[in-house]
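Here are my notes on the model you sent over. Have a look at the structure first, then go through the points.

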Amino acid sequence: MSYSTNAIVYTNEKSLPRINIPHIKSVKNKWTNDDVIEFYEKIPIDVLRNWAIEGGFEEGCDIDLAYPYIADTRSLIDLGGGYGRVTNRLITNGYQGKIYIVERSQGFYEHLIKNFSQRANITQQDIQRFSPVQKVEAILWMWSGIGDFSKEEQLPILKQICTWLKPGGTLVLETILHTCVPNNATVNDGRSFVISTKYGTFYGYKASSEEIQEYGEQLGFKYIKHINYLTPLGRPRVVHILSNTVI
């Protein structure tokens, strides 16, 4: 199956235009993933989709970059399925393996059931409490899903997620470039940021490629690759491939 991506891959962060990061107030000292539950329960599907469009993600450029590393797997988990952006792109790209989606939000879960139940096995569950019936060959956690967890939570949740992988499995993470400010951020305090909306408050942490590298090494992955890219609308992002199979 042939596919293409409209993402722009670059090899050196220094080649990017210099990005000034405003220091706006400060993020509260202690926040956890539980603090973003209300946000995801209340934000309308169309609003989140519009954010994806505004960031250049809607057409799946990030999934296309990751696809060569998971195309031949026989099963995968789409973590934080949202409105189905990742799964939809996998289907478009001709993915033939089993797809399992994990989504916590009631509204997004119902949307996924309505639109993807013929192709995917969909579970409504917090990933902190999720346990798959069987292990899979790949896990995709895209659109800064790991950033929904504080720095202190990131390695522990990754350790849990990695227990869902079969031997030789591949974990794909996607993050914002840690020197950037998210489009909708109302507070930016170094690596942490806040998006305040009428639907609730979102807290996030921007892990660097160096941190992801350290996580991968501590988790025992043999092969780790970081793909720096720009979305079609020019947002600097990174796809991280962590695998026990040669990549």
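The points below cover one sheet and the cavity.

1. Ground rules: this is a predicted model, with local features needing pLDDT of at least 70 and side-chain atom pairs counting only at pLDDT 80 or more, while totals for chains, interfaces and linings use all residues. Residues are numbered from 1 along each chain as its sequence is written, and side-chain values use heavy atoms, without hydrogens and water.

2. There's an open, antiparallel sheet of three strands in the order β7-β8-β9 (strands are DSSP E runs of at least two residues, helices H or I runs of at least four, numbered from the N terminus; pairing takes at least two DSSP bridges). β7 (187-189) and β9 (200-205) each have a single partner strand, so one side of each has no neighbour in the sheet.

3. β8 (residues 192-197) is joined to β9 by six bridges. In that pairing, Ser-192 sits opposite Tyr-205 of β9.

4. On to the cavity (on a 1 Å grid over the protein atoms alone, a set of points where a 1.4 Å probe fits but cannot get out; lining residues have an atom within 4 Å of a point). The count is one cavity of 30 Å³ or more, and the largest has a volume of about 880 Å³, taken as the space filled by probe spheres set on the points. Among its 46 lining residues, Tyr-40, Trp-143, Ser-144, Gly-145 and Asp-148 are the closest to its centre.

5. Which element gives the largest share of that lining? It's α2, with four residues. β8 and β9 are among the elements that supply at least two residues each.

How values were computed. On a 1 Å grid over the protein atoms alone, a cavity is a set of points where a 1.4 Å probe fits but cannot get out, and a pocket is an open set with protein on both sides within 12 Å along at least five of seven lines; lining residues have an atom within 4 Å of a point.
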